[in-house]
Amino acid sequence: QVQLVESGGGLVQAGGSLRLSCAASGIFFSIVTMSWYRQAPGKQRERVAVISSAYNTNYADSVKGRFTISRDNAKNTVYLQMNSLKPEDTGVYYCYLPQSDYWGQGTQVTVSS
């Protein structure tokens, strides 16, 4: 059974940093692509970053240069390091496994101005 458990969200001032983690179980983690999405209030869910099994990465234009996605296959965990946070980064951040169309429960990130 697939499980994705996010952690690391919280309240931070603009310009601050947060590191999100997503611990996966029930999958062969090292061979799958993993993604982070976010959903701001009243907006559609959008993809923030993706990392392939070959460690290729891709980012939304709005977060390029500020966010970094990484993975630790030994820990079955994908991370999202978020720096220089802005109020518009506020939302619920979700870990997503495209292969199985499986979502984590989400973690709230709130950036105050």
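A residue counts as buried when its relative accessible area is under 20%, and as exposed when that area is over 50%. By this cut-off both Arg 38 and Asp 89 are buried, and these two residues also take part in one of the salt bridges described below. The structure discussed here is a predicted model, and this briefing follows its four-stranded sheet, its salt bridges, and two charged residues, Arg 71 and Glu 6, that are buried without a salt bridge.

**The sheet**

- Four strands form an open sheet in the order S1-S3-S8-S7, and the pairing is antiparallel. Strand S1 (3-7) and S7 each have a single partner strand and stand at the edges, so one side of each is left without a neighbour in the sheet. From one strand to the next, the twist averages 15°.
- In general, strands of a sheet pair through backbone hydrogen bonds, and the pairing can be parallel or antiparallel.
- Strand S8 (residues 77-82) pairs with S7 in the antiparallel sense over six bridges, and six bridges also join S8 to strand S3 (residues 18-25), again with the strands running antiparallel.
- Leu 80 in S8 is the bridge partner of Ile 69, and Leu 80 is also the bridge partner of Leu 20.
- S7 and S8 form a hairpin with four residues between them, and in the turn Asn 76 has a positive phi of about 50°.

**The two faces of strand S7**

- In a regular strand the side chains alternate between the two faces of the sheet.
- Strand S7 (residues 67-72) has a covered face made of Phe 67, Ile 69 and Arg 71, while Thr 68, Ser 70 and Asp 72 form the uncovered face.

**Salt bridges**

- Side chains of opposite charge can pair when their charged atoms come close, and the structure holds four salt bridges.
- Arg 38 forms a salt bridge with Asp 89, in which the closest N and O atoms are 2.9 Å apart. This pair links distant parts of the chain, since Arg 38 is in strand S4 (residues 34-39) and Asp 89 is in the loop between S8 and S9, 51 residues apart.
- Arg 66 also forms a salt bridge with Asp 89, and here the closest N and O atoms are 2.7 Å apart. Arg 66 lies in the loop between strand S6 (57-59) and S7, and the two residues of this pair are 23 residues apart along the chain.
- Asp 89 has a relative accessible area of 0% and is therefore buried, and Arg 66 likewise counts as buried because its relative accessibility is 10%.
- Arg 38, Glu 46, Arg 66 and Asp 89 are linked in a network of salt bridges.
- The side chains of Asp 61 and Lys 64 meet in another salt bridge, with a distance of 3.1 Å from N to O. Asp 61 is exposed, with a relative accessible area of 66%, whereas Lys 64 counts as partly exposed at 48% relative accessibility.

**Buried charges without a salt bridge**

- Arg 71, found in strand S7, is buried yet has no salt bridge, and the nearest side chain of opposite charge, that of Asp 72, is 8.4 Å away.
- The side chain of Arg 71 reaches the backbone oxygen of Phe 29 at 2.6 Å, and a polar atom of this side chain also lies 2.8 Å from the backbone oxygen of Val 32.
- Not counting residues up to four places away in sequence, Arg 71 touches several residues, among them Met 34, Ile 51, Tyr 55 and Val 78.
- Glu 6, in strand S1, is also buried and has no salt bridge, and the nearest side chain of opposite charge, that of Arg 45, is 7.8 Å away.
- A polar atom of the Glu 6 side chain lies 3.0 Å from the backbone nitrogen of Gln 105, and the backbone nitrogen of Gly 106 lies 2.9 Å from a polar atom of that side chain.
- Leaving aside neighbours within four places in sequence, the contacts of Glu 6 include Cys 22, Trp 36, Tyr 93 and Cys 95.

**A buried leucine in a loop**

- Leu 85 lies in the loop between S8 and strand S9 (91-97), and Leu 85 counts as buried because its relative accessibility is 2%.
- Apart from neighbours within four places in sequence, Leu 85 is in contact with residues including Val 12, Leu 18, Arg 66, Phe 67 and Val 111.
- Leu 85 and Pro 98 are 13 residues apart along the chain, and their C-alpha atoms are separated by 26 Å.

How values were computed: Residues numbered from 1 in each chain as written. Predicted model: local features only at pLDDT ≥ 70, side-chain atom pairs only at ≥ 80, totals over all residues. Heavy atoms only, no water. Buried < 20%, exposed > 50% of the residue type's maximum accessible area, 1.4 Å probe, protein only. Pairing = 2+ DSSP bridges. Axes fitted to C-alpha atoms, helices over the stretch in contact; angles between N-to-C directions. Lys, Arg positive; Asp, Glu negative; His and termini not counted. Polar contact = N/O pair within 3.5 Å; in protein donor to acceptor, adjacent residues only side chain to side chain. Contact = heavy atoms within 4.5 Å.
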